[in-house]
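Reader: I have the sequence and the 3D view open at my bench. Could you walk me through what is there, one question at a time?

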Amino acid sequence: MAEHRPARVWVMRSLYLGLSFFIIFLHLLPLATGPNRWIAPDLMMALTFAWAMRRPEYVPAICVGGIILLADFLFQRPPGLTAGLIVVGAETLRARAVANRDMPYFLEWASVAGVMIGVVFAQRLLLAVFFIPAPALGLVLQELMMTIALYPIVVMISHFVFNVRRPSPGEVDAFGQRI
C-alpha cells in the first residue's frame with residue numbers, strides 16, 4: 001500500500017524529470033573534441049518507454065512532452081517533432097500496459113522495439129514530407145539499434161535501482177482502484 005501513495009507518484013515523476021535533465025546535461029557536455037565514429041543511443045526514449053510499460057502513472061504525457069520538447073530545443077532538432085512522436089509512442093505503450101502486464105519480457109522488448117522503430121520511421125517520413133534536412137540514414141539506424149539494445153539495461157536499472165516494477169495482478173492504488 002505504501003508503494004502507491006500519491007506522494008510516491010510525485011516523487012517518481014520528479015525522479016523521471018531529474019533523470020531526463022541529467023541525460024540532457026550529459027549530451028551537452030563537450031566530452032570529445034573530435035568527431036565521433038558512433039552515435040549515442042536515445043536514453044530518454046528508452047527511459048520513457050520503459051517507465052511507460054512498467055508504471056504509466058510515473059510518466060504523464062505533459063512531463064514527457066515538456067522534457068522532450070526542451071531536448072528538441074537544446075539539441076537543435078525540429079521543435080516538437082520528436083516530442084510529439086515520443087508522446088504518441090508512450091501513450092501507445094501506456095494503453096497496452098494492462099494487457100502486457102503478464103507477457104514475457106522478450107515480448108515486451110519486441111513490443112517496445114516496434115514502437116521505437118515506428119517513432120524513428122515516422123520522424124524520417126515527416127522530415128521528408130516537409131523537406132527538412134535529415135541526418136544520415138546510417139546514423140539514425142545505428143542510434144535506433146543501440147537504443148533497442150540498451151532497453152534491457154534501462155529496464156534492469158529502473159527495476160533494481162529505482163524500484164519501477166510491473167504492478168502485481170491484485171495491486172490497488174491509493175484510491176482503491178485496480179492498477
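Reader: Happy to start with a loop residue. Leaving aside neighbours within four places in sequence, which residues is Asn100 in contact with?
Author: Gladly, and first a word on the ground rules: this is a predicted model, where local features need pLDDT of at least 70, side-chain atom pairs count only at pLDDT 80 or more, and totals for chains, interfaces and linings use all residues. Residues are numbered from 1 along each chain as its sequence is written, and side-chain values use heavy atoms, with hydrogens and water left out. Contact means heavy atoms within 4.5 Å. Beyond its neighbours within four places in sequence, Asn100 is in contact with Met53, Ser111 and Arg166.

Reader: Is Asn100 buried or exposed?
Author: Asn100 is found in the loop between H4 and H5, where helices (H or I, at least four residues) and strands (E, at least two) are DSSP runs numbered from the N terminus. Buried means under 20% relative accessible area, exposed over 50%, and partly exposed in between, with a 1.4 Å probe and protein chains only. At 10% relative accessibility, Asn100 counts as buried.

Reader: How many Å apart in space are Asn100 and Arg166, C-alpha to C-alpha?
Author: Arg166 is one of the residues that Asn100 contacts. In sequence the two are 66 residues apart. In space, C-alpha to C-alpha, Asn100 and Arg166 are separated by 9.7 Å.

Reader: Which residues does Ser111 touch, not counting those up to four places away in sequence?
Author: Ser111 lies in helix H5, residues 105–129. With a relative accessible area of 16%, Ser111 is buried. Setting aside residues up to four places away in sequence, Ser111 touches Leu93, Arg96 and Asn100.

Reader: Now the aromatics, please. Is the pair of Tyr16 and Trp51 stacked, edge-to-face or tilted?
Author: The structure holds five aromatic pairs; rings of Phe, Tyr and Trp (its six-membered ring) pair if their centres lie within 6.5 Å, and planes under 30 degrees apart count as stacked, over 60 as edge-to-face and the rest as tilted. The ring centres of Tyr16 and Trp51 are 6.0 Å apart and their planes stand at 45°, so this pair is tilted.

Reader: How many residues apart in sequence are the parts that this pair ties together?
Author: Both partners are buried, with Tyr16 at a relative accessible area of 0% and Trp51 at 0% relative accessibility. Tyr16 lies in helix H1 (residues 6–28) and Trp51 in helix H2 (residues 43–54), so the pair ties together parts whose separation in sequence is 35 residues.

Reader: Which residues form one aromatic cluster with Trp51?
Author: The contacts of Trp51, not counting residues up to four places away in sequence, include Tyr16, Tyr58 and Phe162. Met12, Leu15 and Pro56 are also among them. The aromatic cluster that holds Trp51 is completed by Tyr16, Tyr58 and Phe162.

Reader: Which element gives the most to the largest nonpolar core?
Author: A nonpolar core is a set of buried Ala, Val, Leu, Ile, Met, Phe, Trp, Tyr and Cys residues joined through side-chain atoms within 4.5 Å. Of the 43 residues in the largest one, Phe49, Trp51 and Met116 touch the most other members. The elements that give two or more residues are H1, H2, helix H3 (61–74), helix H4 (81–95), H5 and helix H6 (137–160). The most, nine residues, comes from H2.

Reader: Which residues does Ala52 touch, not counting those up to four places away in sequence?
Author: Ala52 has its place in helix H2. Ala52 is buried, with a relative accessible area of 0%. Beyond residues up to four places away in sequence, Ala52 touches Val59, Ala90, Leu93, Arg94 and Ala97.

Reader: Is Gln76 buried or exposed?
Author: Gln76 lies in the loop between H3 and H4. Phi of Gln76 is near 60°, a positive value in a residue other than glycine. At 74% relative accessibility, Gln76 counts as exposed.

Reader: And what is the relative accessible area of Phe131?
Author: Phe131 sits in the loop between H5 and H6. Its phi is near 55°, a positive value in a residue other than glycine. Phe131 is exposed, with a relative accessible area of 76%.
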